[in-house]
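Visitor: Could you take me on a close look at one part of this structure, please? I would like to see how two packed helices meet, and what lies around them.

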Amino acid sequence: MLDFFTIFSKGGIVLWCFQGAGVTESFTGPVNALIRSVILQERSGNNSYTHEALSLKYKLDNEFELIFVVGFQKILTLTYVDKFIDDVQLHFRDRYKNELEQKGSLKLLNNSFEFGNEFKMLLREAEASGKAKSPAPMRSFKESEKSQKTVKSMIETKGGDKGKEQSGKKNKNTKKDAPAAEAAKGDQVKAPPTVQKVTVENGNQGLTADEIMLKKREEFFRKHMAAPPEKTSSKSPKPQKPREKPRRVWDISGKSGKSTKTLDYSDSRNGEDSTNEGEPNQDVFFDQVSAVGLCLFSSKKAGGFGGMFGMLKGLVGSKNLTQADMEPVLDKMRDHLIGTSSAKGISDQMSSYVCLAVASTVKQALQDSLVQILQPKRRVDILRDVMDAQIQRRPFVITFCGVNGVGKSTNLAKISFWLIENGFTVLIAACDTFRAGAVEQLRTHQRRLNSLHPPEKHGGRPVVQLYEKGYGKDAAGIAMEAIAYARNQSFDVVLVDTAGRMQDNAPLMTALAKLIAVNMPDLVLFVGEALVGNEAVDQLVKFNQALADHSMSDKPRLIDGIVLTKFDTIDDKVGAAISMTYITGQPIVFVGTGQTYNDLRSLNARAVVSALMKA
Amino acid sequence: MEKDANNPFEPYMETLRQQLEDQDPVFLIGIIVALAVVVITLFLKYFLTSKTVCSAVLLVGLCDSGKTLLFSRLLSGNYKRTQTSITDSSAPYKAKNDKGSTWTLIDLPGHDSLRPQYLEKFKSAARAIVFVVDSAIFQKEVRDVAEFLYVLLTDTVICRNTPLLLVACNKQDITMAKSAKLIQQQLEKELNTLRVTRSAALSSQDGSVGGSLFLGKKGKDFEFSQLPMKVEFVECSARGSKGEDGAADTESLELSLAKL
């Protein structure tokens, strides 16, 4: 049933692979696509991925740096795959523990990992268990509860018994209330608890849910076998007091399961409480860090805590570091310190020191991850692309889009100044036909730029020209005409200025999408201001969505880059850069830091991240 | 005669001894301390200016250029199926020369998002950099290859250490593969334009300038011989002409590595 199964190291060497019968294509391509889009993006919640006709599931093993990937046809829904991967992983690890533990890749290269037989056995087991979901056999009358009851018990008696019985019998499909069943001993006259109907959420859980069902059924029968002897002893059932509703335990408020007693820190747990309060900043930072997603950092060792705490190494080791992992470690460490009769004050200081040490490791890892997010995934070299377009004798078209008032026209002027400085000729297309004064604004910029770089110095031809058709016309049509004009007059770059629009305004978003789809610009830049905050995510998502929806082709033009404006107005609140880059995956191409022509910069990822982490 | 030989020195020795004894002991101690400081400074300077221990050979290149397979071939000679690497792999490598020197061979991932951080980590320890190029699809990728090479060549740490740069034109077993000479010419042309656009790039928002170093000589077309570090072009094929079971065709690469 499976198309292939591979086990390979994170360094790229395939340790073992299996290709299903009749499968001819190599699986290298799909697995590479899986690695690139899912594992490297670090954004996926689930562990499956579809590539053309194949569906791929994977599992990471961070201790030995291995990846297990299984692939099967998308149309099949195999339910045993998740458990199967887990089994394979356990078996493989156990068998090759020695080789895998060694540092360095020589062992991986020199060994041939023979796993075929075990794999076949596991596969057979998994397939067999997948098939063994036969429907539950119907019970014979003898086995059912009704045959066990005496006639007398069914006779109506005083008190609410019969009513309870009847309702109990009718509620065959209610959930079994386990605590209540335990609480009401000898109360089998009452509605016998029915087998819990476990709602199978998705096919993957079917196997384990079945096990739950079997277990519950066993319990039920066990209880029921004990029931008849009891029943015969009590001839007349006493009136039962109404079954108490078990007290609900809310998981959300505070820590689940902890009553007020455990939350009372007044006596022995005093030290821990004071330490926790002494570093509120630390805890807040931990919360923030864990919110960002500590699972971003796979296999971050928490560092050996030194010889004294060697025993704790087993606890932390090289797992993913989560906050839940931290707490028992810190508690244990404190207890150990106090147990070795070091003073309580010192133990508190040590635990805070460890907190700091771990926090700095986490901070470094977070910094690296943020820098990686901000690094452009592809080349950001506009001058090179313009040169390419020059060679091909066509203009390079850049479109600016964004919401109202972010600085599209100002930054368009700055970018055209930069391009002129590097010797290109620019045509500005005034496609903002709505806002009053938009065309005049661009005309003023054009005049100023031309006076800065007079035509006499550039071969008698004005370096900047404005293409406008007044107000109220269709923006997409003006853009198309402008590009044709630029091609005729051999301009190097066309900068298209559009009107600002809110991301919720559907007709305007449609108009923008039409402009971009029809004119196919080389670069679609989204202009966003640095002050924006959470809105940035919403804006970008909706803009991208609109562009994708309204394009006719199957490869729609989406936002290719971001211009971050008004960067001089924020001091260290540079989080907008991170959220924008993360949402689109596109680089920040320009940063606007003022209102004169020289205030155009490129993004320095390290500087931004260090400014962000200074908090 | 002995006495005659000693005689000219003796009066000098006498006067010197007398002078030293006449001097203040504190002054003497001062002189000794000053001498010691000078000696120690010279010592430290000598140690610090010598290069930090570089004993690693890095395998870099774009994604899918064949670095991991080359790594496997150089180390063990076996053919291994490979996938896209997401971490580095390192192992000691014994060079095929008379000295039998060993150094560490490190295979870095080529994927765009991982490249900068791994390069950052390992560049200071690099004694030689093997830049693996996929010769078959070079025409399509020439700009990406040139951009990566530009980043390598203008890196301050690499410029300071000047490791040997071996451009390995891999996948020569494919018929459409370009020769090393052609690849060199194309890269020179591309880097010629790239250095102009990169130095005209915008500066960063905190003031640091982006393209600081200008490759090669101004006024003349860019050539690899103008660089301070040695750049060699070799051809190789990690897969080998006979396919998976045959040996790899990496002799020229191994020869160049042996010269280190």
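**Where two helices cross**

Guide: Happy to, and let us start with the crossing itself: H15(A) passes H7(B) in a right-handed crossing. Please keep in mind that this is a predicted model. Two packed helices are described by the angle between their axes and the distance between the axes. Here helix H15 spans residues 382-391 of chain A, while helix H7 covers residues 180-199 of chain B. Their axes lie 9 Å apart, and the packing angle is about 125 degrees. Because angles over 145 degrees count as roughly antiparallel and those from 65 to 115 as roughly perpendicular, H15(A) is oblique to H7(B).

Now for the residues that touch. From H15(A) come Leu383(A), Arg384(A) and Met387(A), and they meet Glu190(B), Thr193(B), Leu194(B) and Thr197(B) of H7(B). By character, the residues of this contact are 3 nonpolar, 2 polar and 2 charged.

Follow chain A onward and you reach the loop between H15 and strand E6 (396-401), where Arg393(A) lies. Most residues other than glycine have a negative phi. Arg393(A), though not a glycine, has a positive phi of about 60 degrees. Arg393(A) is also exposed, with a relative accessible area of 73%.

For the wider setting, chain A holds 22 helices and 13 strands, and 43% of its 615 residues are buried. Chain A exposes about 33,400 Å², with carbon and sulfur atoms supplying 54% of that area.

Key. Residues numbered from 1 in each chain as written. Chains lettered and ligands numbered in written order. Predicted model: local features only at pLDDT ≥ 70, side-chain atom pairs only at ≥ 80, totals over all residues. Heavy atoms only, no water. Helix = DSSP H or I, 4+ residues; strand = E, 2+ residues; numbered from the N terminus. Buried < 20%, exposed > 50% of the residue type's maximum accessible area, 1.4 Å probe, protein only. Areas by Shrake-Rupley, 256 points an atom, 1.4 Å probe, with all protein chains shown as cover. Axes fitted to C-alpha atoms, helices over the stretch in contact; angles between N-to-C directions. Parallel < 35°, antiparallel > 145°, perpendicular 65-115°, else oblique. Left-handed = near helix turned anticlockwise from the far one by under 90°. Contact = heavy atoms within 4.5 Å. Nonpolar A, V, L, I, M, F, W, Y, C, P; charged D, E, K, R; others polar.
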